Amino acid sequence: MTPAQFALLLALSQGERHGWGLIAEVEDLTGGRIRLGPGTLYRTLQRLRVDGMIEEVGVDPAAVRADRRAERQRRYRITAAGRSAVTAEARFLAGLLNQPPARRLLEKEG
């Protein structure tokens, strides 16, 4: 799983988001270390959708009434498969960080 895929799935694990909301959420989650441009965002979302990790959600009628631009906003949500994959990846990364070499590196940096 790429860092962009992990960050997007992590963001979507918090709830539905539209594309531009995901860009902001990923940047916030990563402290600015991952900044997704529109091309990378939508290519990655497409890959996650094809792989069954996310799905597109219908347009919220209340949002459209409030702002007609909402008709064009695609919203996404994580699927059970996506939640399982991001959870497994988080556990894997946490396990790596708990290994002595990683702990030593973090102690030297901290």
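**Exercise 1. Identify the buried residues of helix H1 and the elements that cover them.**

Solution. The buried residues of H1 are Ala4, Gln5, Phe6, Ala7, Leu8, Leu9, Ala11 and Leu12. The structure is a predicted model. With eight of its ten residues buried, H1 is mostly covered. The next step is to look for the cover, which includes strand E1 (17-18), H2, H3, strand E2 (54-57), E3 and H5.

**Exercise 2. Place H1 within the chain as a whole.**

Solution. Begin with the inventory: six helices and three strands make up the regular elements of the chain. In sequence order they give the pattern α-β-α-α-β-α-β-α-α. Turn next to burial, where 33% of the 110 residues count as buried. The accessible surface of the chain is about 7300 Å², and carbon and sulfur atoms hold 51% of that surface. Finally, consider contacts with a separation of 6 or more: residues 24 or more positions apart account for 55% of them.

**Exercise 3. Determine which residues touch the most other members of the largest nonpolar core, and which element gives the most to this core.**

Solution. The core holds 21 residues, and those touching the most other members are Leu8, Leu22, Leu36 and Ile54. The elements that each supply two or more residues are helix H1 (3-12), helix H2 (19-29), helix H3 (38-50), strand E3 (75-78) and helix H5 (80-97). H1 gives the most, with seven residues.

Leu36 can then be examined individually. Once neighbours within four places in sequence are set aside, its contacts are Ala4, Leu8, Ile23, Val26 and Leu41. Two of these partners, Ala4 and Leu8, are among the buried residues of H1, while Ile23 and Val26 are among those of H2.

**Exercise 4. Describe how H1 and H5 cross and which residues meet there.**

Solution. First, the geometry: the two axes come within 10 Å and cross at roughly 120°. The crossing of H1 with H5 is left-handed. Second, the residues: H1 contributes Phe6, Leu9 and Leu10, which meet Gly82, Val86, Glu89, Ala90 and Leu93 of H5. Third, the chemical character of this contact: six residues are nonpolar, one is polar and one is charged.

**Exercise 5. Classify Thr44 and Trp20: is each buried or exposed?**

Solution. Take Thr44 first, a residue of helix H3. Its relative accessible area is 11%, so Thr44 is buried, the limit being under 20%. Beyond four places in sequence, Thr44 touches Ala4, Gln5 and Leu8. These three partners are among the buried residues of H1.

Trp20 lies in helix H2. Trp20 counts as exposed because its relative accessibility is 53%, the threshold being over 50%. Exposure does not exclude contacts: apart from residues up to four places away, Trp20 touches Pro38 and Tyr42. A further step compares positions in sequence and in space. Trp20 and Gln73 are 53 residues apart along the chain, and 8.8 Å separates their C-alpha atoms.

**Exercise 6. State which residues of H2 are buried, what covers them, and which residue with positive phi follows the helix.**

Solution. The buried residues of H2 are Gly19, Leu22, Ile23, Glu25 and Val26. Their cover includes H1, E1, H3 and E3. To relate the list to the helix, recall that an α-helix has 3.6 residues a turn, so residues three or four places apart point the same way. Last, Gly31 follows H2, and its phi is positive, near 60°.

Note on methods. Residues are numbered from 1 along each chain as its sequence is written. This is a predicted model: local features need pLDDT of at least 70, side-chain atom pairs count only at pLDDT 80 or more; totals for chains, interfaces and linings use all residues. Side-chain values use heavy atoms; hydrogens and water are left out. A nonpolar core is a set of buried Ala, Val, Leu, Ile, Met, Phe, Trp, Tyr and Cys residues joined through side-chain atoms within 4.5 Å. Buried means under 20% relative accessible area, exposed over 50%, partly exposed in between (1.4 Å probe, protein chains only). Helices (H or I, at least four residues) and strands (E, at least two) are DSSP runs, numbered from the N terminus. Contact means heavy atoms within 4.5 Å. Axes are lines fitted to C-alpha atoms, for helices over the stretch in contact, and angles run from 0 to 180 degrees between N-to-C directions. A crossing is left-handed if the near helix is turned anticlockwise from the far one by less than a right angle, and right-handed if clockwise. Ala, Val, Leu, Ile, Met, Phe, Trp, Tyr, Cys and Pro count as nonpolar, Asp, Glu, Lys and Arg as charged, and the others, Gly among them, as polar. Accessible areas come from the Shrake-Rupley method with a 1.4 Å probe; for residues, only the protein chains shown count as cover.
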